[in-house]
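Here are my notes for you to read with the model open beside them. Go through the points in order and find each residue as you reach it.

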Amino acid sequence: MARKNVLHYEVLTGQSLSSSFTSPVTFIKYLDNISYQVNVKTTNSTGTFAIQGSNDYNINEASPTVVNPGNWVTLPLGGGVPFANAANDNIIVDMNQVPFNALRLVYTSTTAGTGTCDAWIVGKQIGG
């Protein structure tokens, strides 16, 4: 039986929403369907989330060290722009047939507050 690649990883833990940030990069080689879950805990922070993809980001998998930091493009999301709106919320971004080499989550703060967020990425390979 073939092995199916699966990724389940927490990319952010207790990340402050008081200013803009970019998550660490997730190398998604061999994965087809990806989702991000962002759990927002705030009463006063506002801002938007985006997913960025890169095809030229590359790592040496043996080290793993970054070989090329890549160029990053914000992906259009079919469900609109996810946002933190001064309230606790759980956001899911579901992406099928993702053709990129690497992804990262970006937050742009519009109102600095005292909120935090946790973020998870899950990826699965079709077939195997």
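1. A quick word on names before we start: strands here are DSSP runs of E with at least two residues, numbered from the N terminus. With that in hand, you can place Gln-97, which lies in the loop between β10 and β11 (102-111). Keep in mind that this is a predicted model.

2. Let's stay with Gln-97 for a moment. Its phi is positive, about 55°, although Gln-97 is not a glycine. That deserves a second look because most residues other than glycine have a negative phi.

3. Ala-86 is another one to check. Here too phi is positive in a residue other than glycine, with a value near 55°. You'll find Ala-86 in the loop between β9 (83-85) and β10 (89-95). Is Ala-86 buried or exposed? Neither label fits: with a relative accessible area of 30%, Ala-86 is partly exposed, because that value falls between the 20% and 50% cut-offs.

4. Now for a backbone oddity of another kind. Which peptide bond is cis, with omega near -20°? That would be the bond from Ser-63 to Pro-64. Pro-64 sits in the loop between β6 (58-60) and β7 (65-68). As a reminder, most peptide bonds are trans.

5. Next, take a look at strand β5, residues 46-54. Eight of its nine residues are buried, so the strand is mostly covered, with "buried" meaning under 20% relative accessible area.

6. Who does β5 pair with? With β11 there are nine bridges in the antiparallel sense, and in that pairing Ile-51 stands opposite Leu-105. With β9 the pairing is antiparallel over three bridges, and Gly-47 has Ala-84 as its bridge partner there. Strand β8 (residues 73-74) also pairs with β5 in the antiparallel sense, over two bridges; Thr-74 in β8 is the bridge partner of Gln-52.

7. On to the rings. How many aromatic pairs does a search of the whole structure find? Four. One of them joins Phe-21 and Tyr-107, with ring centres 5.3 Å apart and 25° between the planes, so the pair counts as stacked, the cut-off being under 30 degrees. Phe-21 is in strand β2 (residues 21-22) and Tyr-107 in strand β11, so this pair links distant parts of the chain, 86 residues apart. Both rings belong to buried residues: Phe-21 has a relative accessible area of 9%, and Tyr-107 has 0%.

8. A second pair to find is Phe-27 with Tyr-57. Their ring centres are 6.5 Å apart and their planes meet at 55°, so the pair is tilted. Phe-27 is in strand β3 (residues 26-27), while Tyr-57 is in the loop between β5 and β6, 30 residues away along the chain. Tyr-57 is buried, at 9% relative accessible area.

9. Go back to the stacked pair and add Phe-49: Phe-21, Phe-49 and Tyr-107 form one aromatic cluster.

10. Last stop: Asn-85 in strand β9. Why does Asn-85 count as exposed? Because its relative accessibility is 51%, and exposed means over 50%. Leaving out residues up to four places away in sequence, Asn-85 touches Ser-45 and Thr-46. Try this distance yourself, too: from Asn-85 to Ala-50 is 15 Å, C-alpha to C-alpha, for two residues that are 35 apart in sequence.

Technical notes: Residues numbered from 1 in each chain as written. Predicted model: local features only at pLDDT ≥ 70, side-chain atom pairs only at ≥ 80, totals over all residues. Heavy atoms only, no water. Helix = DSSP H or I, 4+ residues; strand = E, 2+ residues; numbered from the N terminus. Buried < 20%, exposed > 50% of the residue type's maximum accessible area, 1.4 Å probe, protein only. Pairing = 2+ DSSP bridges. Phe/Tyr/Trp six-rings, centres within 6.5 Å; stacked < 30°, edge-to-face > 60°. Contact = heavy atoms within 4.5 Å.
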